[in-house]
Amino acid sequence: MIHIEGRQSSSLNGLWNVIIDPFDAGSGDWAAYYKDRKPLKNTDFVESAFEGGPQLYVPGDFNSQLPELNYYESSIWYKRSFNVQKTEDRRFFLHFAAINYKAEVYLNGSKIGEHEGGFTPFQFEVTDLLKGGENSLIVKVNNQRMKDGIPGLGFDWFNYGGITRDVDLVQTPKTYIKDYFIQLAQHNENTIDGYVSLDGPSKEQDIEINIPELHVRFKTRTDKEGKAILKFPFRKKTLWTPENPKLYEVRVSAETDHIKEQIGFRTIKVDGTNILLNGKAIFLKGINIHEEVPQRRSRAYSESDYQMLLEWAKDLGCNYVRLVHYPHHEKMVKMAEKMGLMVWEELPIYQGIDFTNADMKEKMNLMLKEMIARDKNRAATIIWSLSNETYSSPPRDSSLTALYYLAKSLDNTRLVTSAFNNMRFEGNKAYIEDKLNSLMDVMAINQYLGWYKPWPETDKEVEWISKFNKPLIFSEFGGEAVFGNNIDPNRASSWSEDYLADIYMRQFKMFKNIPFLSGATPWLLVDFRSPGRAHPIYQKGWNRKGLLSDRGEKKKAWYIVADQFINNFN
Ligand code: GCB
C-alpha cells in the first residue's frame with residue numbers, strides 16, 4: 001500500500017510503554033512478553049508488565065530517549081493499546097513507516113508478522129484480528145548489527161534503533177486502490193505510462209485518473225487481477241524542475257475507492273556524458289545528508305527536522321540531495337520535492353556486505369522493492385542507488401547486476417547507479433575502474449583526495465580518465481575539520497577549518513578539467529555521530545566531515561562550496 005497520508009487512518013504515534021530486554025528473555029515461553037499477561041490471583045507469578053515501566057516516544061529512536069540506552073543494541077518491546085470501531089465493509093492494516101532493524105508484531109497476543117530492514121515501510125492486514133473496543137499492539141524491536149544484515153556489522157553512522165518512523169492504523173474499503181504508478185514515459189514526455197492496481201474481492205472495476213488543473217480525464221478498467229495499464233497523452237503541463245517544482249493534484253478513482261496525491265512530472269535521462277532533466281543538461285549540485293539531528297543526538301523524525309536539513313541544503317545552493325546511506329522517511333522525500341531538490345535515494349548495501357550469503361539476495365530484493373514501491377511517484381527522485389563502496393568479486397558483481405535489472409524492471413523512468421571508490425591512481429592520473437560502471441546509468445565515485453588519499457606531489461591537478469562514455473558524479477569528497485580549529489597560520493594542520501577549506505578549493509579547481517563531470521556531492525552537510533570515530537581530541541565519537549558542526553555552525557568550507565554552487569555551476 002502506498003501514500004498513507006492520502007488514506008483514512010488513525011495515528012498510533014505517541015508514548016508507548018516499553019520493556020527493555022537486553023537478554024532477549026521476552027521471546028521465551030516463561031517470560032513471553034508478547035502475551036501481555038496480567039496476574040489474576042496471588043499465585044500467578046508474572047514478572048513483567050508494560051504498565052508502570054519506562055515509556056518511549058514513537059516515532060523516535062530509543063537510544064536518544066533514555067541515557068541508559070545510548071549505545072544500546074538489543075531488544076526492546078513496545079506496547080500500546082488502541083480502540084477501534086469495526087464495520088463489516090472496512091479492512092484494517094497496521095502500517096509501519098520503518099523500524100530499525102528487526103520487528104516482530106503481535107496483536108492481541110497473536111503474532112501477525114515480522115520484518116527485517118530498518119528504513120522501509122511494511123504493513124500487515126489485521127481486519128480479522130481486531131476486536132471492537134480495546135486492542136493491544138506489541139512490537140519487539142531489535143537493532144543488533146548482524147553479519148548477514150543490510151547494512152552489515154560495521155558502518156560509519158550511529159545505529160539508532162527503535163520504532164523510528166510513524167505507525168498508523170489504516171482503513172480501506174473491501175476492495176481498495178493498493179498501488180499506482182503515474183509518471184511520464186521514459187522516452188516520451190507527452191505520455192503518461194503506468195498502472196493502477198486494486199486489492200480485494202471485486203477486482204474488475206472502472207478506473208478514472210483525473211488531473212483537474214489540466215482537465216485531464218483518463219478512463220480504463222482493471223482486469224481479473226485488479227490491474228489496469230495507464231497510457232495516455234499528457235500535454236501542456238508545466239514540468240517539475242528545481243526552479244519551479246510544480247505538482248499537480250492527481251485523483252485516482254475506482255468504483256469502490258479513491259485517493260489523491262500531489263504528483264510532479266519530469267523526465268530524467270542520460271545522453272553520452274550528460275544528465276538531462278526534461279531534455280536539458282544539468283549539473284547536480286548536491287550535498288550528502290544522514291537522517292540525523294546532531295544537535296539533539298537523535299535520528300530525525302519530524303517534519304521540522306526534515307525542514308532544517310533541507311533548508312540548509314537550499315542555503316548551500318544545492319539543486320539535489322543525496323540521502324545516505326539508506327532510504328530516508330518518505331516525508332523527507334516529499335518535502336525535498338516541494339522545495340525543488342532532486343533526490344538520490346540509496347539502499348543500505350554498504351561496504352562490508354556479505355554477498356556470498358545466499359539469504360542476502362532475498363533481503364536486497366525486498367529492500368529495493370519496498371523503496372521503489374514507496375517513492376516511484378516522486379518527481380524529485382531521479383536516482384536509485386543500489387550500493388556504496390563495494391569491491392568487485394564474482395558474488396558482488398552478480399548480485400549488483402541482478403539488482404540493477406530488478407530496479408529497471410520495477411521502474412524504467414529513473415537512473416540507477418552505485419557509488420564506487422575503487423579507482424586506480426598513477427602519478428596524477430586517476431583511472432575509473434569498477435567494471436560495473438559499464439552497467440550503471442551514471443558513474444558515481446567517492447574520492448577523498450586531500451584526505452584519505454594525498455594529492456599527487458606535483459602541483460598538477462589530478463586528471464580523471466574514464467573508458468566509459470557516461471556522466472560522472474563525485475558522490476563523496478571532503479575531509480574532517482573541527483569547527484573553531486583555526487589556529488594554524490600555515491593552513492597545514494589537518495583537522496583545521498583552513499585545511500578543509502583548501503581541500504574543497506582544490507577539488508573544485510580539479511572539477512573544471514573533467515568534461516564528463518555532471519554532479520558533485522560534498523561529504524557532507526553536518527557532523528554526525530559514529531561510534532567508530534574515536535580520535536580523542538578531534539572526533540570523540542563524531543565524524544567531523546560536516547560543512548556544518550554538530551551545533552549547526554558553518555565551517556569555512558561551507559562558504560567555499562556555497563560560493564561554487566551559487567556562482568559557478570549554473
Ligand atoms: C565514505 C563512506 C561514508 C563515510 C565517509 C568517511 O567513503 O561512504 O559513509 O562516512 O567515507 O567519512 O570516511
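Start by selecting alanine 32, which in this predicted model lies in the loop between strand E2 (14–21) and strand E3 (55–58). Its phi is near 40°, a positive value in a residue other than glycine, and because it has 15 C-beta neighbours inside 10 Å, alanine 32 counts as partly exposed.

Go next to the loop between strand E5 (90–96) and strand E6 (102–107), where tyrosine 101 is found. Show the backbone atoms here, since the peptide bond that joins asparagine 100 and tyrosine 101 is cis, with omega at about 10°.

Now select arginine 297, in the loop between strand E22 (292–293) and strand E23 (298–299). Here too the residue is not a glycine and has a positive phi, in this case near 50°; with 18 C-beta neighbours inside 10 Å, arginine 297 counts as partly exposed.

**Helices H1 and H2**

Select residues 303–315 for helix H1 and residues 330–339 for helix H2, and view the pair along the line that joins their axes, which are 10 Å apart and enclose an angle of about 40°. An angle of about 40° is not under 35 degrees, the cut-off for roughly parallel, and H1 and H2 are therefore oblique to each other. Their crossing is right-handed. To see the side chains that belong to this packing, display Glu303, Tyr306, Gln307, Leu310 and Lys314 on H1, which meet Lys331, Met332, Met335, Ala336 and Met339 on H2.

Before leaving H2, step back to histidine 325, which is placed in the loop between strand E24 (320–323) and H2. The peptide bond leading from valine 324 into histidine 325 is cis, and its omega is near -25°.

**Helices H3 and H4**

The next pair to select is helix H3 (residues 358–375) with helix H4 (residues 394–410), which pack with their axes 10 Å apart at an angle of about 30°. H3 and H4 are therefore roughly parallel to each other, and the crossing of H3 and H4 is right-handed. The contact involves Met360, Lys361, Met364, Asn365, Leu368, Lys369 and Ile372 from H3, and Ser399, Leu403, Leu406, Ala407 and Leu410 from H4.

Keep H4 selected and hide the rest for a moment. Its 17 residues, at 1.5 Å a residue, should span 24 Å, and the C-alpha atoms at its ends are indeed 24 Å apart, so the expected and modelled spans agree. Colour Ser399, Leu400, Leu403, Tyr404 and Ala407, which are the buried residues of H4; they cover an arc of only 135° around the axis, and therefore sit on the same side of H4. The general rule behind such a pattern is that an α-helix has 3.6 residues a turn, so residues three or four places apart point the same way. Turn the helix round, and the face away from the buried side shows the exposed residues Pro394, Ser398, Tyr405 and Ser409. When the surroundings are shown again, the cover over the buried residues of H4 is seen to include H3, strand E26 (381–388) and strand E27 (415–420).

Leucine 410 is also part of H4, and which residues does it touch, if those up to four places away in sequence are not counted? Leucine 410 touches Lys369 and Ile372. A distance label can be added between the C-alpha atoms of leucine 410 and alanine 373, which are 37 residues apart along the chain and separated by 8.3 Å. With 16 C-beta neighbours inside 10 Å, leucine 410 counts as partly exposed.

**From H5 to H6**

Move on to isoleucine 503, whose place is in helix H5. Is this residue buried or exposed? Because 24 C-beta neighbours lie inside 10 Å, isoleucine 503 counts as buried. Beyond the residues up to four places away in sequence, isoleucine 503 touches Gly450, Trp451, Gly478 and Gly479. From its C-alpha atom, draw a line to that of isoleucine 560, which is 57 residues away in sequence and 9.9 Å away in space.

That line leads to the last stop, since Ile560 is one of the buried residues of H6, together with Ala557, Trp558, Val561, Gln564 and Phe565. These residues cover an arc of only 165° around the axis, which puts them on the same side of H6. What covers them includes strand E21 (284–289) and helix H5 (497–511). To finish, select the whole of helix H6 (residues 556–568), whose 13 residues should span 18 Å at 1.5 Å a residue, in agreement with the 18 Å between its end C-alpha atoms.

Methods. Residues are numbered from 1 along each chain as its sequence is written. This is a predicted model: local features need pLDDT of at least 70, side-chain atom pairs count only at pLDDT 80 or more; totals for chains, interfaces and linings use all residues. Helices (H or I, at least four residues) and strands (E, at least two) are DSSP runs, numbered from the N terminus. The expected span of a helix is 1.5 Å times one less than its number of residues. A residue is buried if 20 or more other C-beta atoms lie within 10 Å of its own, exposed if 12 or fewer, and partly exposed in between; C-beta atoms are placed from the backbone. The arc is that of the directions from the helix axis to the C-beta atoms. Two residues are in contact if their C-beta atoms, placed from the backbone, lie within 7 Å. Axes are lines fitted to C-alpha atoms, for helices over the stretch in contact, and angles run from 0 to 180 degrees between N-to-C directions. Angles under 35 degrees count as roughly parallel, over 145 as roughly antiparallel, 65 to 115 as roughly perpendicular and the rest as oblique. A crossing is left-handed if the near helix is turned anticlockwise from the far one by less than a right angle, and right-handed if clockwise.
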